[in-house]
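Me: Could you take a close look at one part of this protein for me? I would like to hear about its cysteines.

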Amino acid sequence: MGLANIMGTVTAITTMMLCVRSNVSGLSVIQCPGKVLVKPAPVFLVGSNISITCVSMGQNCDINEFELHRNKKQIQMERFNKTAAHHLMINVTTQDSTIYCYIECVDGAKELVCVASLQPGYPPDQPKDLICIWRHNNMICTWIAGKQTLLETYYTFHIQTEGTGKEQIFPTKFGTSNVTVSGDHLEKASLYKVWVQAANALGNATSKDLTFSIHDIAKPDAPNITKVEFIKNSIAKTIIHWRNSTSARCWFELRYRITSDPGISWTLIGKNMFSMNGNSGHFYNWEPFNEYEFQIRCSFIKGNNYWSDWSKSFISKTPEAVPAGILDVWSLSEPVDPNKHRKIIIYWKPLRPQEIRGIILGYHIFYQQNGLEMTIRVCGVSETWFSWRTFWAPDRIFVTAFNSKGNSTPAVLHIGEANLMAPRNLKVAPAGDSGIYVKWEPPDEANEPVLGYVVDWTEAIDNNKQLLAWKRLPRDNHSLFIGKISSLQEYLAEGRSIIPRRRYNISVTAMYQKGQGRSSSVQGYSVEGKPTTGPSVSVMKFTRQQVQLKWGEIPLEKQQGFITNYTIYLKKGADGSYLVPHNVTNATVRTYWLTLEFDTVYMVHMTATTAAGEGAKGAETAIKLDYYSIALPLQLSMGITIPSAFLLTLTFAKSIRRRIKTTCKMFLPGWTHEEFPNVENSNVAKELQKKDEVPFLHTAVLLMYKDPPITEVEDTLLPKNNRSLIQTVHRNSKQQLEQLGFENSIPDTPEAHNSDLSQPNEDAETVGYKPQISSSCQLANLSHNDEQSIQKAGSNQARECKGFSIPTFDRIADISTIGVILDMNTGLASSQSGIQDDSDKYLLKKKEDQFPVDEHHRIYVTEGLFQEQTLLPDELVDCLLHLEEDSIDIKSYFPQIVAIQ
């Protein structure tokens with residue numbers, strides 16, 4: 001701050017100290033060396049132009065210029081002459097502004113000339129709506145003053161008595177618009193004219209006159225409500241009881257509102273709708289189980305309809321009633337488990353407050369069977385869903401809410417999907433951080449019209465699969481914004497809001513008259529984010545210089561979006577530099593082949609990418625291809641596998657086997673490839689020869705022995721119709737032998753019975769080589785004392801001879817049945833001599849009168865030491881029969897010469 005300014009400030013302060021304030025007729029006047037003139041006046045109408053003149057009187061310096069200071073702003077004034085200056089202010093609106101006039105001397109000193117105050121404002125408006133009431137021996141009058149004047153304005157209340165003209169003036173307090181006149185200044189029988197007058201520095205105004213008597217302006221006191229009754233018959237009736245302080249006849253009005261919702265306005269019951277009876281009245285309207293607030297007022301029947309103030313509030317609650325409305329229900333079904341249980345999850349939303357009409361005690365879930373309600377479960381009031389596991393499910397399930405008065409109207413759930421069309425082209429799109437936009441098209445044309453749609457959604461990562469919410473829409477709506485909640489009640493009904501970067505399962509179901517149709521489902525996000533982690537990669541297998549990587553799916557809560565691709569990053573361990581990343585564009589692939597170098601350490605990790613970008617990297621994995629542990633074992637295994645495969649091919653090829661076999665015969669001994677073993681090579685025979693235990697086994701005999709030719713034999717079963725015939729033949733032949741003197745030589749042989757003649761005996765299947773010696777020839781060489789051997793003789797199955805099946809008998813029974821006596825001595829002699837004679841052949845013929853047969857049914861028995869052919873020609877077949885007895889187990893080959901001896 002310069003010295004000149006400091007000196008000027010000190011001069012101004014000194015000059016102001018010279019100004020003397022004096023009080024002349026109650027007005028404050030500033031006496032100073034000069035004066036400031038304000039035209040038209042210091043108090044003026046807002047927006048007026050003001051002329052300010054500053055006149056210097058008695059200053060002891062040469063005036064250089066005049067300065068005007070207003071609201072800390074300096075204004076240069078225009079000089080008239082040496083002692084006066086002028087300034088014009090345009091459109092002055094600032095209130096309570098003070099102006100200071102200074103002179104600046106030639107030497108730089110400043111002196112105060114004088115000070116003036118500016119007061120812009122408005123003249124008063126005409127007072128309106130003057131009202132006077134008589135209450136408690138006082139007349140209270142009120143009015144509306146109008147807009148603010150910005151100036152000090154005073155109101156006076158004037159009362160003039162009609163007839164006498166006497167006028168009384170009552171001033172009011174500053175800033176008030178009412179006045180109270182005591183009844184001592186008034187007479188009740190007179191008429192009065194009253195008005196209000198307002199005045200300030202800019203003008204005055206007077207209200208309209210109001211003429212009345214005291215009785216006309218009397219206002220009754222407010223009545224007091226004492227009791228409220230609610231009666232529920234066919235119509236809801238409310239009865240109000242009150243007490244009134246005046247005995248005069250009055251009109252009454254009532255108003256009420258529900259206290260649970262402060263936003264609800266009052267409902268007025270006018271005097272024409274309110275039926276009165278003394279100090280009580282009634283009207284017909286109330287809702288069950290609601291808290292109501294009541295107020296009442298009155299006015300005199302004779303008067304100017306001044307109503308009393310509203311009474312104090314009386315609050316009362318209406319009684320309960322049966323719940324109104326129907327529950328909003330929905331259900332989901334899960335597939336049948338291995339135990340054939342079906343899981344049905346039933347959901348419901350609480351009733352709206354106006355539908356509850358009482359205290360809800362719980363929810364009743366049931367189905368109907370034969371006209372009876374079969375309860376599934378009674379759920380508590382806090383429950384909103386129930387999971388039912390059952391073997392059998394009804395077609396319809398009902399859900400009701402109940403209180404102490406009863407149940408609500410049942411809500412119907414159609415269990416299972418009807419074979420009806422689902423909505424088409426279901427699509428979702430993000431709609432902000434907490435919203436998903438769902439859109440679909442109606443089903444194709446169907447015989448059943450669509451009644452509406454149900455949209456439900458739940459979090460995909462919810463382990464409990466708890467349904468978040470569902471919403472019913474009319475048939476004309478084909479879209480929904482999920483997440484938009486317009487009120488607290490809707491938030492409570494719809495459930496939790498949509499959370500960003502969470503995946504949701506969204507389904508749309510078409511509703512038909514027969515029930516719900518099939519559903520269309522899709523997944524979506526309100527907004528996608530980057531994955532918070534990458535896949536965990538591992539090595540699956542090695543092949544030469546290639547390695548197959550395998551990775552698992554990122555947990556759903558960490559994906560934060562739909563994965564579009566994976567990226568594999570590979571880093572060489574030697575220099576730590578990253579190689580070219582590998583991009584896996586198919587998000588469903590979980591394996592990838594890489595070509596690596598031997599004996600080099602690689603570090604590999606992966607990332608996942610969504611629409612929001614590439615996410616964080618997963619855990620790193622070290623990979624090294626060791627040549628001696630991978631390539632060398634692979635080469636060795638290939639060297640062993642290829643020759644082995646070649647040898648197996650040679651082994652299983654038939655033509656090659658034959659060539660090998662032929663080649664081997666050329667170099668191996670002959671007995672190694674004989675079809676049947678030679679008895680000369682038998683160790684048993686050689687040992688017996690050494691011990692001379694079998695003298696007939698000498699080399700000459702063995703050399704002259706030859707096996708007979710082999711003839712194939714077919715087995716057959718004995719028909720049932722021939723069993724009785726064979727049994728009869730057996731009995732007849734036995735009798736013939738007894739008559740000829742063979743009672744003791746041939747014992748009775750019991751019949752062998754097969755448990756099942758219809759099935760061939762599997763044990764009788766021919767295995768290996770069968771000796772060609774007939775058992776009948778052996779019988780011819782038996783002595784008289786060989787009964788035990790005869791009884792132990794084996795039996796054969798029935799043989800098929802020329803198309804005729806004959807049952808097999810015991811060897812002795814066969815001979816006796818024919819009726820011929822075999823000369824046992826003769827047969828023995830011929831067998832010892834080794835000579836076969838034609839006389840030893842006997843044609844055994846049955847009696848034709850008992851059993852007529854043809855040539856094909858004749859049986860021959862040949863005796864001798866050696867047989868060239870056991871089976872006779874085709875026209876004469878020798879079948880050794882035995883009734884219903886299994887055949888002899890066919891043994892391995894043994895020389896027939898030993899068997900005969």
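What is the torsion about the S-S bond of Cys54 and Cys101, and is the disulfide left-handed or right-handed?

Reply: Happy to help! The torsion about the S-S bond of Cys54 and Cys101 is about -105°, so this disulfide is left-handed. Please keep in mind that this is a predicted model, where local features need pLDDT of at least 70, side-chain atom pairs count only at pLDDT 80 or more, and totals for chains, interfaces and linings use all residues. Residues are numbered from 1 along each chain as its sequence is written, and side-chain values use heavy atoms, leaving out hydrogens and water.

A disulfide here is a pair of cysteine sulfur atoms within 2.5 Å, and the whole structure holds two. In the pair you asked about, the sulfur atoms of Cys54 and Cys101 sit 1.5 Å apart. Cys54 belongs to strand E5 (residues 48-55) and Cys101 to strand E10 (residues 97-105), so the bond ties together parts 47 residues apart in sequence; strands are DSSP runs (E, at least two residues), numbered from the N terminus. Cys54 is buried at 0% relative accessible area, and Cys101 is buried at 0% too, where buried means under 20% relative accessible area (1.4 Å probe, protein chains only).

The other disulfide joins Cys132 to Cys141, with an S to S distance of 2.0 Å. Its torsion is about 115°, so the disulfide of Cys132 and Cys141 is right-handed. Cys132 is buried at 1% relative accessibility, and Cys141 at 0%.

Then there is Cys250: its closest cysteine sulfur, in Cys298, is 4.2 Å away, too far for a bond. Cys250 is buried at 9%, and Cys298 at 0%.

Conventions. Helices (H or I, at least four residues) and strands (E, at least two) are DSSP runs, numbered from the N terminus. Buried means under 20% relative accessible area, exposed over 50%, partly exposed in between (1.4 Å probe, protein chains only).
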